[in-house]
Amino acid sequence: MKKLIVSLCILLLSPCSLMAAESRPNILLVLTDDLGYADVGFNGATDIQTPSLDALAEGGTKFTSAYNVHPFCGPSRAGLMTGRYPHKFGAQFNLPTSSRSGGLGVPTDELFISKVLQDAGYYTGVIGKWHLGQAEPYHPNNRGFDEFYGFLNGGHHYLPEKFSEMYSRQANQGLEHDIFQYLRPLERNGVEVDETEYVTDGLSREAVKFIEAAAKKPQQPFFLYLAYNAPHTPMQAKAEDMAKFSNIKDRKRQVYAAMVYAVDRGMKQVVDSLKATGQFEDTLIVFLSDNGGKPSTGASNSPLMGKKGDVTEGGYRTPMFFHWPQQITSGETYTHPVTTLDFFPTFASIANAPISPSKQLDGKDIFQAVKSLQPARQGEMIYAVRHRKGYSEIAGRKDNFKAINTKGSWQLFDVDKDPGETKDISKQYPMVLREMLAEMEAWSWTHTQPRWFHIHKEGFEWREASMPRFHESFPPPAG
């Protein structure tokens, strides 16, 4: 009897049992790729129909000042997963275009939120685009994900009847190491698979499968990272989706709209699955894009200035919402600035998942602030840096103010009143700008040299120009 009591005490006191006894939500993080700020109904789109996303946004809290950590794909995802600015660990460029990203990836000593949640007992999965390293140490299954379905590189073609044929033809010619990665087979946990559906539909299908599998693990909440590659290039849409947008005469915009609609169709399947399995009410759904849209492919970032790759608002401010019926008030709008760096501590907090004291984080737990609609980071900066040939574009936002340097001189905007960054107010608020620049310069000293470059030419130009040249970005104050 004594042994039985001791055994029961050990079982009851184990961390997994304690956490299972508490109410911990499922977390569904949905990331689109190159989605424009104005290209969903809940953020103002009138020509693109997104009824499923709009319903979720209206049933939750929308964000008007949500920022990515970087204005393009790879660094943005690295920051999201690690909770740190990618500039601090050398991931400020996209991974190399060479085969399997040159064997490089986000350093393994940078802990991912997926690993924290997995260690806390969550059933974890990632579906879609990875873009954080293709070699074995950097594979999703080695970074905290129990399940992976998708592709490891930065993109993929959408139509299997075309990409499968092109891949087979080149493989039969002995070009295995030179085949464009967007054509390669998708994989499931390291094993290549034959995807036969339009890729966006295939990813939605796999998300439903994951949700159904998770429902069979009632003592284990899930974390699903659903990373659609739409509406990233190549611009390829299904004919039936195109037909829904026959009113759009601009061909690029029509294809783009159809690709966004395919995501919305998929989200309806995902929501229906959550409801059918009884998991909808206790699932936090977070939806956003990885950076701004590209007008050259049909996107719109209105009313914001700029596009993907820029540190103007259109480059890295994203449409976003939180939906969780048990905790998030419906019909609200959160206007205060937040960043995807905040996901790591926020997800860990609501999951009761311990974070090692040695883990460095640049974000903060914003959940209670969002629930109460109060500022999560009053007086605190959010930064963005994009390195170009021979110079760096830099931006920082604090409360309603944004300081930005894109062409060698600093400007200041009130982006609450002026999201299009049209009226420079630096002369009206010189001390505000001076204080912000001092903080931004101090932050720049925390950066490290890039571990890789997207193409060899970028690396050559970086070294030739002695980048990042922050001494030119932050000149000493006059006098």
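**Note on selected local features**

1. The side chain of Thr-346 comes to 2.7 Å from the backbone oxygen of Asp-342, a polar contact in the sense of a pair of N or O atoms within 3.5 Å, where, within protein, one atom must be able to donate a hydrogen and the other to accept it, and residues adjacent in sequence count only if both atoms are side-chain atoms. The model is a predicted one, in which local features need pLDDT of at least 70 and side-chain atom pairs count only at pLDDT 80 or more, while totals for chains, interfaces and linings use all residues. Residues are numbered from 1 along each chain as its sequence is written, and side-chain values use heavy atoms, with hydrogens and water left out.

2. Thr-346 belongs to helix α11, residues 343-350; helices (H or I, at least four residues) and strands (E, at least two) are DSSP runs, numbered from the N terminus. With a relative accessible area of 1%, Thr-346 is buried, the classes being buried under 20%, exposed over 50% and partly exposed in between, for a 1.4 Å probe and protein chains only. Once residues up to four places away in sequence are set aside, Thr-346 touches Lys-364, Asp-365, Ile-366 and Phe-367, where contact means heavy atoms within 4.5 Å.

3. Strand β2, which spans residues 61-67, is largely enclosed by the rest of the structure, because six of its seven residues are buried. Strand β2 pairs with three strands, described in turn below, and two strands count as paired if DSSP finds at least two bridges between them. With strand β9 (residues 317-323) β2 runs antiparallel through five bridges, and Thr-61 stands opposite Phe-322 there. With strand β10 (residues 332-334) the arrangement is parallel and has three bridges, Glu-332 being the bridge partner of Thr-61. Strand β11 (residues 338-339) also runs parallel to β2, joined by two bridges, and in this pair Ala-66 stands opposite Val-338.

4. Val-415 is placed in the loop between β15 (410-414) and α13 (430-444). How accessible is Val-415? Its relative accessibility is 2%, so Val-415 counts as buried. Apart from neighbours within four places in sequence, Val-415 is in contact with Tyr-67, Glu-313, Arg-317, Arg-397, Asn-400, Lys-402 and Glu-421. Of these partners, Tyr-67 falls within the residue range of β2, and Arg-317 within that of β9. Gln-92, by contrast, is 323 residues from Val-415 in sequence and 25 Å from it in space, taken C-alpha to C-alpha.

5. Ala-276 is found in helix α9, residues 251-276, and is exposed, since its relative accessible area is 69%. The C-alpha atoms of Ala-276 and Ile-211 are separated by 10.0 Å, with these positions 65 residues apart along the chain.

6. The cavity search finds three cavities of 30 Å³ or more. A cavity here is a set of points, on a 1 Å grid over the protein atoms alone, where a 1.4 Å probe fits but cannot get out, and lining residues have an atom within 4 Å of a point; grid points are joined across faces, edges and corners, and the volume is the space filled by probe spheres set on the points. The largest cavity has a volume of about 40 Å³. Its lining consists of Gly-74, Pro-75, Ala-78, Ala-91, Phe-93, Asn-94, Leu-95, Val-106, His-131, Leu-132 and Trp-452. By class, this lining has eight nonpolar, three polar and no charged residues, where Ala, Val, Leu, Ile, Met, Phe, Trp, Tyr, Cys and Pro count as nonpolar, Asp, Glu, Lys and Arg as charged, and the others, Gly among them, as polar.

7. Two peptide bonds deserve a look in the viewer. Ala-230 and Pro-231 are joined by a cis peptide bond with omega about 0°, and Pro-231 sits in the loop between β7 (222-227) and α8 (239-243). A cis peptide bond also joins Met-467 and Pro-468, with omega about 20°, and Pro-468 sits in the loop between α14 (456-464) and α15 (470-473).

8. Two backbone phi values are also listed. Asp-34, a residue other than glycine, has a positive phi near 70°; Asp-34 lies in the loop between β1 (26-32) and α3 (51-58) and is buried, with a relative accessible area of 4%. Arg-100 likewise has a positive phi, near 50°, and lies in the loop between α4 (73-82) and α5 (113-119). At 43% relative accessibility, Arg-100 counts as partly exposed.

Note on methods
1 Å grid on protein atoms, 1.4 Å probe; cavity = no way out; pocket = protein on both sides within 12 Å on 5 of 7 lines; lining within 4 Å.
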